[in-house]
Amino acid sequence: MAKKSIAIVLSAGKGRRMHSRTAKQYLHIKGKPVIYYALKTFQDCPFIDEIILITGEEDKEFCRHDIIEKYGLDKVGQIVSGGKERFHSVYNGLTAAQECDFVYIHDGARPFVTQNMLERLQKAAEEYHACVAGMPVKDTIKISDDNGFCASTPKRSLVWQIQTPQVFSYSLVKDAYQKLMDALAAGKDLSVTDDAMVVECMTDHKVKLIEGAYSNLKITTPEDLKTAEIFLENF
């Protein structure tokens with residue numbers, strides 16, 4: 001029986017570091033919104049069956065008419081409202097996803113995900129049930145103490161810069177997120193920064209690191225947008 005995979009693409013962030021009234025994912029690179037490029041990659045991927053787009057309530061109609069319909073992205077089956085924090089938005093997407101085997105969680109501000117990357121992640125997800133895109137760091141990393149002094153230096157060969165997509169068996173990540181939401185509702189003080197961390201903290205399942213690409217950058221600052229424009233000329 002064929003496996004069903006759903007991509008949850010996050011587009012609810014405001015991107016204050018971009019210093020723009022327009023959210024970073026809706027700014028243009030070469031005439032198209034940043035988020036278009038990731039959506040198009042998932043649209044063209046043969047083993048992605050549906051895309052769930054997470055966005056702000058105020059942006060739903062814009063996304064429907066000016067992105068999804070305009071560019072023929074018919075795999076976008078649902079547009080779901082985001083939450084206060086990233087993990088709320090992911091939870092909303094997971095709740096909207098039904099009867100799938102694998103879920104890809106991707107930041108819409110990362111336009112340069114590729115088909116080859118998705119193939120590597122799909123293969124790993126089928127074997128390990130939890131995997132994330134990332135790349136080994138190029139620079140030496142320092143861990144600071146509370147006063148801003150170097151406390152330790154981790155072995156560089158073991159340090160990765162984590163990206164998205166992050167791919168999981170649906171039942172595994174949905175259960176992990178449900179446990180997170182229950183813990184937060186019970187008043188526990190928890191801080192999670194990505195989906196892998198939710199799975200790591202809420203289950204005993206290990207997450208496999210899979211090479212993404214150094215070009216799989218996240219658009220965060222005006223400088224990133226300029227870099228993306230240059231990169232797109234050869235993408």
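Visitor: How many salt bridges does the structure hold?

Guide: Keep in mind that this is a predicted model. The structure holds 7 salt bridges. To count as one, a Lys or Arg side-chain nitrogen has to sit within 4 Å of a carboxyl oxygen of Asp or Glu.

Visitor: Let's take one inside a helix. What does D44 form a salt bridge with?

Guide: D44 pairs with K40, and their closest N and O atoms are 2.6 Å apart. Then look at the spacing along the chain: the two residues are 4 apart in helix α1 (residues 34-44), so about one helical turn separates them.

Visitor: And are these two buried or exposed?

Guide: In between. The cut-offs help here: buried means under 20% relative accessible area and exposed means over 50%. D44 has 43%, so it is partly exposed. K40 is partly exposed too, because its relative accessibility is 28%.

Visitor: Which residue does D175 form a salt bridge with?

Guide: K179, with 3.4 Å between the closest N and O atoms. Read it as you read the α1 pair: D175 and K179 lie 4 residues apart in helix α5 (residues 170-185), so about one helical turn lies between them. D175 is partly exposed at 36% relative accessibility, and K179 is partly exposed at 39%.

Visitor: Now a pair from two separate elements. Where do R86 and D107 lie?

Guide: First the contact itself: the side chains of R86 and D107 meet in a salt bridge, 3.3 Å from N to O. R86 belongs to helix α3 (residues 86-96) and D107 to strand β6, so this pair ties together parts that are 21 residues apart in sequence. For burial, apply the cut-offs again: R86 is partly exposed with a relative accessible area of 26%, whereas D107, at 10%, counts as buried.

Visitor: Which residues are linked with R86 and D107 in a network of salt bridges?

Guide: D195 and K218; together with R86 and D107 they make up the network.

Visitor: On to the sheet that holds β6. In what order do its strands run?

Guide: To read a sheet, go from strand to neighbouring strand and note the sense of each pairing. Here 7 strands form an open sheet in the order β5-β4-β1-β6-β10-β7-β11, with mixed pairing. At the edges are β5 (76-81) and β11 (208-211), each of which pairs on one side only. On average, neighbouring strands of this sheet are turned by 25 degrees against each other, direction ignored.

Visitor: What packs on the sheet?

Guide: Helix α2 (residues 60-69) does, touching β4 (50-55) and β5. The direction of α2 makes about 155 degrees with that of β5.

Visitor: In which sense do β6 and β10 pair?

Guide: Antiparallel: strand β6 (residues 102-107) and strand β10 (residues 160-169) pair over 4 bridges. If you want one bridge to find on screen, take V103, whose partner in β10 is F168.

Visitor: Let's finish with a loop. Where is the place of G13?

Guide: G13 is in the loop between β1 (5-11) and β2 (28-29). For a loop residue, check accessibility, then contacts, then distances. G13 counts as partly exposed, because its relative accessibility is 39%. Leaving aside residues up to four places away in sequence, G13 touches A23 and Q25.

Visitor: And how many residues apart in sequence are G13 and G83?

Guide: They are 70 residues apart in sequence, while their C-alpha atoms are 9.5 Å apart in space.

Terms used. Residues are numbered from 1 along each chain as its sequence is written. This is a predicted model: local features need pLDDT of at least 70, side-chain atom pairs count only at pLDDT 80 or more; totals for chains, interfaces and linings use all residues. Side-chain values use heavy atoms; hydrogens and water are left out. Two strands pair if DSSP finds at least two bridges between them. Axes are lines fitted to C-alpha atoms, for helices over the stretch in contact, and angles run from 0 to 180 degrees between N-to-C directions. Contact means heavy atoms within 4.5 Å. Buried means under 20% relative accessible area, exposed over 50%, partly exposed in between (1.4 Å probe, protein chains only).
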